[in-house]
Amino acid sequence: MTYQGERSRPMASENGRYFEVSKLRMGADGQVSEVLWCEVSMGSDHALGTRVVAAASEVVDAMHDGAQVAAVFSSQERCPARSFTIVEQADGRECLAFDGAPSAGRNLADIETLEG
């Protein structure tokens with residue numbers, strides 16, 4: 001299985017890669033269903049490609065294979081990125097959530113949506 005459109009790579013090569021999520025879409029179940037993300041160089045903080053839409057399941061797969069994924073916020077306060085983690089639901093499905101305690105201005109509701 002691969003992900004990220006034309007820049008697809010085998011999933012086993014994700015260790016040490018870092019991705020930023022700038023927008024997301026919430027599903028009817030209240031969980032993240034899709035994200036707009038891009039690989040970013042840890043050293044320079046520059047994007048290594050174009051931003052693409054990916055299903056949340058693809059993000060979960062990349063994280064299982066070692067990728068680090070964080071959300072970036074577009075607010076005027078320049079809030080720092082917040083890391084995603086994988087959470088298993090009672091029915092066994094895996095979804096994305098933020099790691100750690102809620103933080104003012106840095107929650108799922110504070111990220112731009114893919115709808116607008």
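The following exercises, each with a worked solution, concern the predicted model shown above.

Residues are numbered from 1 along each chain as its sequence is written, and side-chain values use heavy atoms, with hydrogens and water left out. Because the model is predicted, local features need pLDDT of at least 70 and side-chain atom pairs count only at pLDDT 80 or more, whereas totals for chains, interfaces and linings use all residues.

**Exercise 1. Overall architecture**

Determine which elements the protein holds and in what order they run.

*Solution.* Helices (H or I, at least four residues) and strands (E, at least two) are DSSP runs, numbered from the N terminus. The protein has one helix and seven strands. Read from the N terminus, their order is β-β-β-α-β-β-β-β. For burial, the cut-offs of relative accessible area are under 20% for buried and over 50% for exposed, with partly exposed in between (1.4 Å probe, protein chains only). On this scale, 33% of the 116 residues are buried. A contact requires heavy atoms within 4.5 Å. Of the contacts between residues at least 6 apart in sequence, 46% join residues at least 24 apart.

**Exercise 2. The helix and its cover**

Identify which residues of helix H1 are buried, and establish what covers them.

*Solution.* Helix H1 spans residues 56-64, and its buried residues are Ala56, Val59, Val60, Ala62 and Met63. They lie on the same side of H1, because they cover an arc of only 160° around the axis; the arc is that of the directions from the helix axis to the C-beta atoms. The general background is that an α-helix has 3.6 residues a turn, so residues three or four places apart point the same way. The cover over the buried residues of H1 includes E2, E3 (52-55), E4 (68-71), E5 (82-88) and E6 (94-98). Just after H1, Gly66 adopts a positive phi of about 105°.

**Exercise 3. Aromatic pairs**

Classify the ring pair of Phe19 and Trp37, and state which rings form a cluster.

*Solution.* Rings of Phe, Tyr and Trp (its six-membered ring) pair if their centres lie within 6.5 Å; planes under 30 degrees apart count as stacked, over 60 as edge-to-face and the rest as tilted. The structure holds three aromatic pairs. For Phe19 and Trp37, the ring centres are 4.4 Å apart and the planes stand at 25°, so this pair is stacked. Phe19 belongs to strand E1 and Trp37 to strand E2 (residues 32-40), so the pair ties together parts that are 18 residues apart in sequence. Both Phe19 and Trp37 are buried. Ring pairs also link Phe73, Phe84 and Phe98 into a cluster.

**Exercise 4. Cysteines and the E5-E6 hairpin**

Describe the burial of Cys38 and Cys95, and place Cys95 in its strand pairing.

*Solution.* A disulfide is a pair of cysteine sulfur atoms within 2.5 Å, and a search of the whole structure finds zero disulfides. Cys38 is buried at a relative accessible area of 1%; Cys95 is buried at 8%. Two strands pair if DSSP finds at least two bridges between them. E5 and E6 pair in the antiparallel sense over five bridges, and Cys95 in E6 stands opposite Val87. Five residues lie between the strands of this hairpin, where Gly92 takes a positive phi near 95°.

**Exercise 5. The surroundings of Val32**

State whether Val32 is buried or exposed, and list its contacts.

*Solution.* Val32 is found in strand E2 and, at 7% relative accessibility, is buried. Not counting residues up to four places away in sequence, Val32 touches Leu24, Arg25, Met26, Ala56, Leu96 and Leu108.
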